[in-house]
Amino acid sequence: MNRLDALKYFVVAAETLSFRATAERFSVSPQVITRVMGELETELGEQLFKRNTRSIRLTDFGIQWLPQAEQFLQQEQVLFGMPAKLNDNELSGVVRITVPPSAYSDWVLKQLLLALAPYPAIRIDWRTGFNVLKAVEDQIDIGVRITQRPEDNWIARKIRMLNEPIVAAPALIELVGQPENIEDLLARFPIGSLLNSKTNRPWAWSVNDEFIPIYQADVVTDDTKALLQAVLAGRIFAPLPYMDCQHYFATGELVKVFPYSESQKWAYYLYRPKQTITAKRVLLVYELLEKIYLSHRAA
């Protein structure tokens, strides 16, 4: 067994979670990757991957050993005088990104793909949802999270503050009237809310630094874009991100129901996990996303 090749195979297999994709990267057969990984595990006396006929997954030992293998390969490149400029292999492969669903996030994805036109070997795995995906278990390279403060294991950049006014279509207000206050709205008017998939109940609303539980809603969805469409249809009142509503405020299709109320001061954070080595393609995509988000904030 060539130990250096074995380390390279292991690092790429940990990234792709596919012996077949690893074999394609090195122009060898999948059987070679399987054999070398088996020999490497025998030499280490520990299993690196859990395998079945359809997939592979890093073991706890594999997760702990991966940073050491990456660090060794980086030192090997320095030792043998690898050029400082990026090579083709460093700007190829998958970058996995998790973001909350919204029209804003859809726009960001489009801008990112346009910016990545000079790098056709970089593949984007774009996951939207409110469930928190983790760097190791879900193989996440970059994320966007709505929270009050970043976590300690992040390298993070605050993109913008998040304001969620309660909005409605003017036609709905004309039909059912203007609620006097938040209590009146919840008691007498049709409302919509996002669903907390963990509890299977609507998320509480946050108004004027107070969390207001929602026990029943006329429209419940786990998709911000769907909630926006329900409001535009004149069916419900609902809190929505200001950045998703800007266009409709300008056209008159939506209005703020309580113009002087304030939502909880959440923030959008762009982050990547702290780790010993971060792939060059991940650093590039992170930099591009940072520019895209900040340019939109400035606009």
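Let's start at a small piece of sheet: strand 7, residues 166-168, is joined to strand 14 by 2 bridges, and the two run antiparallel. Keep in mind that this is a predicted model. At this junction, valine 167 stands opposite lysine 256 of strand 14. Step back a little and you'll see an open sheet of 3 strands, with antiparallel pairing and the order 13-7-14. Strand 13 (238-239) and strand 14 (255-256) are the edge strands, each pairing on one side only.

Now for the nonpolar interior. As a rule, nonpolar side chains in soluble globular proteins tend to be buried together. Here the largest nonpolar core has 26 residues, and those touching the most other members are Ile97, Leu112, Ile142, Leu270, Val285, Leu289 and Tyr293. Several elements give two or more residues to this core, including helix 5 (103-115), strand 3 (93-99), strand 5 (142-147) and strand 15 (266-273). Helix 10 gives the most, with 9 residues. For a close look, pick leucine 289: setting aside neighbours within four places in sequence, it is in contact with Ile97, Val108, Leu112, Trp126, Ile142 and Leu270. Apart from this core lies another one of 21 residues, with Val36, Met37, Leu40 and Leu48 among them.

Over in helix 1 (residues 3-16) you'll find alanine 14. Is alanine 14 buried or exposed? Its relative accessibility is 2%, so alanine 14 counts as buried. Beyond its neighbours within four places in sequence, alanine 14 is in contact with Phe49, Leu58, Leu66 and Gln139. Its C-alpha atom is also 8.5 Å from that of isoleucine 63, a residue 49 positions away along the chain.

The aromatic rings are worth a tour too. Searching the whole structure turns up 7 aromatic pairs. One of them is stacked: tryptophan 154 and tyrosine 271 sit 4.0 Å centre to centre, with 10° between the planes. Because tryptophan 154 belongs to strand 6 and tyrosine 271 to strand 15, this pair ties together parts 117 residues apart in sequence. Tryptophan 154 counts as buried at 7% relative accessibility, and tyrosine 271 does too, at 4%. Tyrosine 242 and phenylalanine 249 make a tilted pair, because their ring centres are 5.5 Å apart and their planes are at 40°. Tyrosine 242 counts as partly exposed, at 30% relative accessibility.

Two more ring arrangements round things off. Phe10, Phe19, Phe49 and Trp65 form one aromatic cluster; Phe49 is also one of the contacts of alanine 14. Finally, arginine 272 lies over the face of tyrosine 286, 5.3 Å from the ring centre.

Conventions:
Residues numbered from 1 in each chain as written. Predicted model: local features only at pLDDT ≥ 70, side-chain atom pairs only at ≥ 80, totals over all residues. Heavy atoms only, no water. Pairing = 2+ DSSP bridges. Helix = DSSP H or I, 4+ residues; strand = E, 2+ residues; numbered from the N terminus. Core = buried A, V, L, I, M, F, W, Y, C linked by side-chain atoms within 4.5 Å. Buried < 20%, exposed > 50% of the residue type's maximum accessible area, 1.4 Å probe, protein only. Contact = heavy atoms within 4.5 Å. Phe/Tyr/Trp six-rings, centres within 6.5 Å; stacked < 30°, edge-to-face > 60°. Lys NZ or Arg CZ within 6 Å of the ring centre and 35° of its normal.
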